[in-house]
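This report describes how helices pack and how nonpolar side chains gather in the structure below. The helix pairs are taken up before the cores.

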Amino acid sequence: MDTDREVGPAEGPPPLVRIRGLDKYYGATQVLHSVDLDVTAGEVVAIIGPSGSGKSTLCRCVNRLETATAGTITLDGVPLPTEGRELSRLRAEVGMVFQSFNLFAHLTVVQNLMLAPVKVRGISLEDARERAYRLLERVGLADKAYAYPRQLSGGQKQRVAIARALAMEPKVLLFDEPTSALDPEMVQEVLAVMTELARDGMTMIVVTHEMGFARQVADRVVFMDDGRILRIAPPAEFFASPGHPRAECFLSSLPAQ
């Protein structure tokens, strides 16, 4: 196989996430073109590329927030369900962290973390509360358990959103530009939490414009443009030799990081 189109690591266990031939249309506009990608358990994959290249759409297809027009996605060897209870179970296995936090404004931080484990996983309130406290400690926000989202900074909200996703004990975490809505001084506190998750072995698919994170934390970099994957490579290889004219143009247009 052409190394620029290598969908997964050359050796190792079967992929946790397998994407094959994924197409996505909005009306007559095709935004994903025959996308193939494998992600193994414990791997961090950074998806980069210019705005409008299909990165977020691909990420959202992995947990069915968007429905692909064609192609297949499997999680742990099982095809993604399309609706009903099985879809709810899928979203418990595939956590999602958005640009805009999506916290429930009327709930405290600890209530935000407890809600889904109780409603979807069916765990007890006591166990959900204990898990929530443990995760808030992990992201450095134990003292904010009874604050409301309006009382938090952007960086704190995003760390709560990460803890909320972790509360479901997902098999894989998806990040859709998690730092793009943050003031610059808040970016590093969120990236630090994500880096720690990577070190702990969390499987992560990260749509990002943070090239430092992609370079230092990701196991592989996926470059997309115009709805296509044009290059997949380890970070050191990709940043030293982008390997595609569009990737070279993209990197040359970025400020130094």
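## Helix packing and nonpolar cores

In this predicted model, H3 and H4 pass each other in a right-handed crossing. Their axes come within 9 Å and cross at roughly 130°; the angle falls outside the ranges for roughly parallel, antiparallel or perpendicular axes, and the two helices are therefore oblique to each other. On the H3 side the contact includes Val109, Leu113 and Pro117, which with other residues of H3 meet a set in H4 that includes Leu125, Arg129, Arg131 and Tyr133. By class, the residues of this contact are 12 nonpolar, 2 charged and no polar.

The crossing of H5 with H6 is likewise right-handed, and its axes lie 8 Å apart at an angle of about 20°, which makes H5 roughly parallel to H6. Among the residues that meet here are Gly154, Gln158 and Ile162 in H5, and Glu189, Val193 and Leu197 in H6. This contact is made up of 7 nonpolar, 4 polar and 2 charged residues.

| Helix pair | Axis distance | Angle |
|---|---|---|
| H3 (residues 109-121) and H4 (residues 125-138) | within 9 Å | roughly 130° |
| H5 (residues 154-166) and H6 | 8 Å | about 20° |

The largest nonpolar core has 55 residues, and those with the most contacts inside it are Ile162, Phe175, Met194, Met204 and Phe238. Helix H6 (residues 184-199) supplies the largest share of this core, 8 residues. A second, separate core of 31 residues includes Leu58, Leu75, Met96 and Ile232. Leaving aside residues up to four places away in sequence, Phe238 touches Ile48, Val221, Phe223, Arg231, Ala233, Ala247 and Leu251.

Terms used
Residues numbered from 1 in each chain as written. Predicted model: local features only at pLDDT ≥ 70, side-chain atom pairs only at ≥ 80, totals over all residues. Heavy atoms only, no water. Axes fitted to C-alpha atoms, helices over the stretch in contact; angles between N-to-C directions. Helix = DSSP H or I, 4+ residues; strand = E, 2+ residues; numbered from the N terminus. Parallel < 35°, antiparallel > 145°, perpendicular 65-115°, else oblique. Left-handed = near helix turned anticlockwise from the far one by under 90°. Contact = heavy atoms within 4.5 Å. Nonpolar A, V, L, I, M, F, W, Y, C, P; charged D, E, K, R; others polar. Core = buried A, V, L, I, M, F, W, Y, C linked by side-chain atoms within 4.5 Å. Buried < 20%, exposed > 50% of the residue type's maximum accessible area, 1.4 Å probe, protein only.
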